[in-house]
Amino acid sequence: MSQTPQIEPLPAGLVHEPLNWLFAEHYRHRQLCRLIERVGTATILLREEVEEILAFLRQDMALHIIDEEEDLFPLLRRRCLPEDELGPLLGALSAEHRDDIEQTQTLSTLLERALIEGQPPGHDLETQRLFTDFALHERRHIALENAVILPIARLRLTPQDLHALSTRMAARRGVFLDRSDVALPLDDPDRSGAMP
Ligand SMILES: [Fe+2]
Ligand SMILES: [Fe+2]
């Protein structure tokens with residue numbers, strides 16, 4: 001990819017602040033939404049942007065959903081008090097994650113075909129709507145998580161929970177956090193603090 005990426009990289013320092021890390025990921029998802037709308041409604045093929053979206057959907061978006069489904073949401077279910085009434089919302093957000101996985105596969109297929117054919121992916125209004133609807137739903141999902149899920153997590157998760165969350169999210173990306181909290185990439189023990 002020769003042009004400057006439209007989606008900013010994640011700051012490495014956030015590896016020890018899992019809730020800020022998730023918040024920063026949501027900001028990057030908003031950048032993804034802008035890119036998806038632009039590419040999906042363009043009348044020419046924006047090849048580099050298409051490649052950036054495909055890479056983000058395959059890696060960053062997929063990992064983020066696993067971070068929430070396998071780590072953040074189970075921790076919240078364990079720590080939240082009945083008066084938080086979080087169960088139904090977590091259930092609804094999980095259903096949206098399942099939809100996201102399905103829709104990202106549809107978009108990825110359209111984007112891959114566009115690259116092969118050298119044509120814009122949103123070739124008619126109906127196809128363009130798939131891209132704009134995805135961005136719309138994703139923005140709503142992020143807004144809800146930022147407004148409700150992350151504030152409750154800040155309130156209820158213990159320092160041990162946060163450490164466990166950091167460790168698992170980092171490990172998912174090939175970064176090992178040792179006991180002294182120094183981030184060591186698994187494939188290079190001499191480098192510290194880097195995110196892949
Ligand atoms: Fe989510
Ligand atoms: Fe999220």
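# Reading a predicted helical model

Guide: Let's start with a pair of neighbours: helix 3 and helix 4 are roughly antiparallel to each other. In this vocabulary, an angle over 145 degrees is roughly antiparallel, under 35 roughly parallel, 65 to 115 roughly perpendicular, and any other oblique. This is a predicted model, where local features need pLDDT of at least 70 and side-chain atom pairs count only at pLDDT 80 or more, while totals for chains, interfaces and linings use all residues. Residues are numbered from 1 along each chain as its sequence is written, and chains are lettered from A and ligands numbered from 1 in the order in which they are written.

Visitor: Thanks! How many helices and strands should I look for in the protein chain?

Guide: Elements are DSSP runs counted from the N terminus: helices are H or I over at least four residues, strands E over at least two. The protein chain has five helices and two strands. Following it from the N terminus, you meet them in the order α-α-α-α-α-β-β.

Visitor: Back to your opening pair, then. At what angle do the axes of helix 3 and helix 4 cross?

Guide: Axes are lines fitted to C-alpha atoms, for helices over the stretch in contact, and the angle between N-to-C directions runs from 0 to 180 degrees. Helix 3 covers residues 87-117, and its axis crosses that of helix 4 at roughly 150 degrees, coming within 11 Å. The crossing is left-handed, meaning that the near helix is turned anticlockwise from the far one by less than a right angle (clockwise would be right-handed).

Visitor: Which residues of helix 3 and helix 4 meet?

Guide: A contact means C-beta atoms, placed from the backbone, within 7 Å. From helix 3 come L89, L93, E96, Q103, T106, L107 and L110, facing T127, L130, F131, F134, H141, L144, E145 and V148 of helix 4. Sorted by class, that is nine nonpolar, four polar and two charged residues. Here Asp, Glu, Lys and Arg are charged, Ala, Val, Leu, Ile, Met, Phe, Trp, Tyr, Cys and Pro nonpolar, and the others, Gly among them, polar.

Visitor: And how does helix 1 pack, for instance against helix 4?

Guide: Their axes lie 9 Å apart, at an angle of about 170 degrees. Helix 1 is therefore roughly antiparallel to helix 4. This contact has 11 nonpolar, seven polar and six charged residues. Helix 1 also meets helix 2: the two axes come within 11 Å and cross at roughly 145 degrees, again in a left-handed crossing. Helix 1 brings residues including L22, E25, L32 and V39, while helix 2 brings among others E49, I53, F56 and L72. The contact of helix 1 with helix 2 divides into nine nonpolar, one polar and seven charged residues.

Visitor: Is V175 buried or exposed?

Guide: Count the other C-beta atoms within 10 Å of a residue's own: 20 or more is buried, 12 or fewer exposed, anything between partly exposed. V175, in strand 1 (residues 175-177), has 23 such atoms, so it is buried. Its C-alpha atom lies 9.2 Å from that of V15, although the two are 160 residues apart along the chain. Overall, buried residues make up 22% of the 196 residues in the protein chain.

Visitor: Which residues in the largest nonpolar core touch the most other members?

Guide: A nonpolar core joins buried Ala, Val, Leu, Ile, Met, Phe, Trp, Tyr and Cys residues through C-beta atoms within 7 Å. The largest one has 14 residues, and L72, L75, L76 and A153 touch the most other members. Helix 1 (18-41), helix 2 (47-79), helix 4 (125-156) and helix 5 (159-172) each give two or more residues to this core. Apart from it lies another core, of 13 residues, including V39, I53, L57 and A114. Leaving out residues up to four places away in sequence, L75 touches L157, D161 and L165.

Visitor: What about less covered positions, such as S94 and E85?

Guide: S94, in helix 3, has 14 other C-beta atoms within 10 Å and is therefore partly exposed. Beyond residues up to four places away in sequence, S94 touches E69 and F73. T106, also found in helix 3, is partly exposed because it has 13 C-beta neighbours inside 10 Å. E85 sits in the loop between helix 2 and helix 3 and has 9 C-beta neighbours inside 10 Å, so it counts as exposed. Check the backbone of E85 too: its phi is near 50 degrees, a positive value in a residue other than glycine.

Methods:
Contact = placed C-beta atoms within 7 Å.
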